[in-house]
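Let's go looking for hidden empty space inside a protein. Have a look at the model below, then read on.

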Amino acid sequence: MAGTYFANAQSTAFKPFKVDLATGYAIPSGKGSKGGVVLSLEPKYAINNNITLGLRMEAAITARGYVTANGEEMEGDVKASGSYLATGDYYFNTNKFRPFAGLGVGIYSLASASVDMIDEESAVVEAGTKFGAAPRVGFELGHFRTAVEYNVVGKTGDINNNYLSIKLGFFFGGGRIKEASK
C-alpha cells in the first residue's frame, strides 16, 4: 500500500461536543410590539475548528398591544412558540473571543390568543405548525455566548409570528483541548 489516510471529522482545537443554554429578550414584529422572553437549549457537535452543527430547541413567549388615543379601544395578542431547528454556525477564528454567523431551519409550533376591541369585541385562539428559519450572529468568550437571531416564521391568520431575540448564555463541554504534557 502506498499510504493510508484517515479523514478527521471533528475539531482538533476544541472538544467536539457541547450544549448551549441561553435566555433572553424576544421582540415580536408588527404594530404594538411589546416584547417577551426566550429560553433555548442547543446540543452541538464541532465537525472542525470553525463549523458546528446542532439542534436548537427554543420556547418564546411574546406580547403585543395597542390602545387608541381615546383609551377605550384595545387590540392585543400573546404568542407562544416552540421551535426545533437544525443549526449550523461558522466561527471566524479559533481565539478565546470567537465571533460567529449561523443559520437554523426547521419547525415552529405556534399558539396565540388575540383580543380585538376596536372594531368589535372578539377573542381568537389559533395554533399551528410552520416551517421557518433563523439567521444569527454573535460571539463566544470562554464558555459564555451571546447571539442575536431573527426568527422568520411568517403569519398565522392575521398574527405575525416573526421575532428578534437577543440571548445571553453559556455552554457545557466544548472548550479548548489542552495539549498533552511532554
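## The lining of the second largest cavity

Keep in mind that this is a predicted model. We'll start with the second largest cavity, whose lining residues split into five nonpolar, three polar and one charged. Lys79 is one of the residues in that lining, and Lys counts as charged. Also in the lining are Ala60, Thr62, Ala80, Ser81, Leu110, Ala111, Asn161 and Tyr163. The space they surround has a volume of about 60 Å³.

Which strands each supply at least two residues here? They are strand 3 (51-67), strand 4 (74-91) and strand 5 (97-116). Strand 4 gives the largest share, with three residues.

## The largest cavity

Now for the largest cavity, which holds about 80 Å³ of space. Its lining breaks down into six charged residues, three polar and three nonpolar. Look for Asp20, Ala22, Ser40, Glu42, Arg136, Arg145, Thr146, Ala147, Glu149, Lys167, Leu168 and Gly169 around it.

Four strands are worth finding in the picture: strand 1 (17-28), strand 2 (33-46), strand 7 (144-151) and strand 10 (163-173) each bring at least two residues to this lining. Which of them supplies the largest share? That's strand 7, with four residues.

## The overall count

So far we've visited two of the cavities. How many cavities of 30 Å³ or more are there? The count comes to three.

Note on methods. Residues are numbered from 1 along each chain as its sequence is written. This is a predicted model: local features need pLDDT of at least 70, side-chain atom pairs count only at pLDDT 80 or more; totals for chains, interfaces and linings use all residues. Side-chain values use heavy atoms; hydrogens and water are left out. On a 1 Å grid over the protein atoms alone, a cavity is a set of points where a 1.4 Å probe fits but cannot get out, and a pocket is an open set with protein on both sides within 12 Å along at least five of seven lines; lining residues have an atom within 4 Å of a point. Grid points are joined across faces, edges and corners, and a volume is the space filled by probe spheres set on the points.
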